[in-house]
Amino acid sequence: MSGPGEWLVEKHGTSRRRSWRKLHIGFDVVTGRIVASILTDRDVDDASQVEPLLDQIAEPVEVLGGDGGYDRTGVYTALDERHSAAVIVVPPRADAVLSATAETGPSQRDRHIQAIAGKGRMVWQRDSGYNERARVEGQFARWKQVIGDELRSHSDQSRATEVAIAAQALNQMLDRPNSVRVA
């Protein structure tokens, strides 16, 4: 997401630094609804935002999916503490190694590493449901098409409110079965 700095550069040609923000969103893949969102500075690690996103979700989480950036111990720990029955579908890094307990009691991550080593990454993606991420990418595209990729507010609190309103508006659009785009 970009802030008002881009507008100044385009309108006035100023050399003001752009103000980039990261939007972390939790989607319900089945319904397409946004169930959690956080706006952070651009240098915040994605995996570090899993706990705050999970704190916003009241219902039980069945599956947590993400890209390789979420292959962190903290992600597995946070999900296990809140939703112990949840499945984590995150590809381990290429240089990932099995844990010390992989032979006796393999973790979800260990099972992913073993499946990739045995059948290959592409087969693991298909079998694990990792390819469901395409639906989430479609929801991000929907956000950008309907809401845009810019923030209009200037303060951090106003930006967070703007994101919350946008998420609520997109969720309400899903509730209206006969929505038609007019512009």
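The exercises below, each with a worked solution, concern a predicted model of a protein. Residues are numbered from 1 along each chain as its sequence is written, and side-chain values use heavy atoms, with hydrogens and water left out. Because the model is predicted, local features need pLDDT of at least 70 and side-chain atom pairs count only at pLDDT 80 or more, while totals for chains, interfaces and linings use all residues.

**Exercise 1. Describe the confidence and the order of the secondary structure elements.**

Begin with pLDDT, which is the predictor's confidence in each residue, from 0 to 100. The protein averages 87, and 88% of the residues score at least 70. Next, look at the extremes: confidence is lowest in helix α1 (residues 5-12), with a mean of 61, and highest in helix α2 (residues 50-55), with 95. Then list the elements, where helices (H or I, at least four residues) and strands (E, at least two) are DSSP runs numbered from the N terminus. There are seven helices and four strands, and along the sequence they follow the pattern α-β-β-α-β-α-β-α-α-α-α.

**Exercise 2. Work out how helices α6 and α7 are arranged, and which residues meet.**

Two packed helices are described by the angle between their axes and the distance between the axes. Axes are lines fitted to C-alpha atoms, for helices over the stretch in contact, and angles run from 0 to 180 degrees between N-to-C directions. Helix α6 (residues 133-146) and helix α7 (residues 156-175) pack at about 110°, with their axes 11 Å apart. Angles under 35 degrees count as roughly parallel, over 145 as roughly antiparallel, 65 to 115 as roughly perpendicular and the rest as oblique, and α6 and α7 are therefore roughly perpendicular to each other. Finally, take contact to mean heavy atoms within 4.5 Å: R142, W143 and V146 in α6 meet residues in α7 that include V163, A166 and L170.

**Exercise 3. Decide whether Q125 and S48 are buried, partly exposed or exposed.**

The cut-offs come first: buried means under 20% relative accessible area, exposed over 50%, and partly exposed in between (1.4 Å probe, protein chains only). Q125, found in helix α5 (residues 121-128), has a relative accessible area of 16% and is therefore buried. Leaving aside residues up to four places away in sequence, Q125 touches Y130 and N131. S48 lies in the loop between β2 (34-41) and α2, and its relative accessible area of 39% makes S48 partly exposed. The C-alpha atoms of S48 and V75 are separated by 7.7 Å, although these residues are 27 residues apart along the chain. For the whole protein, buried residues make up 35% of the 183 residues.
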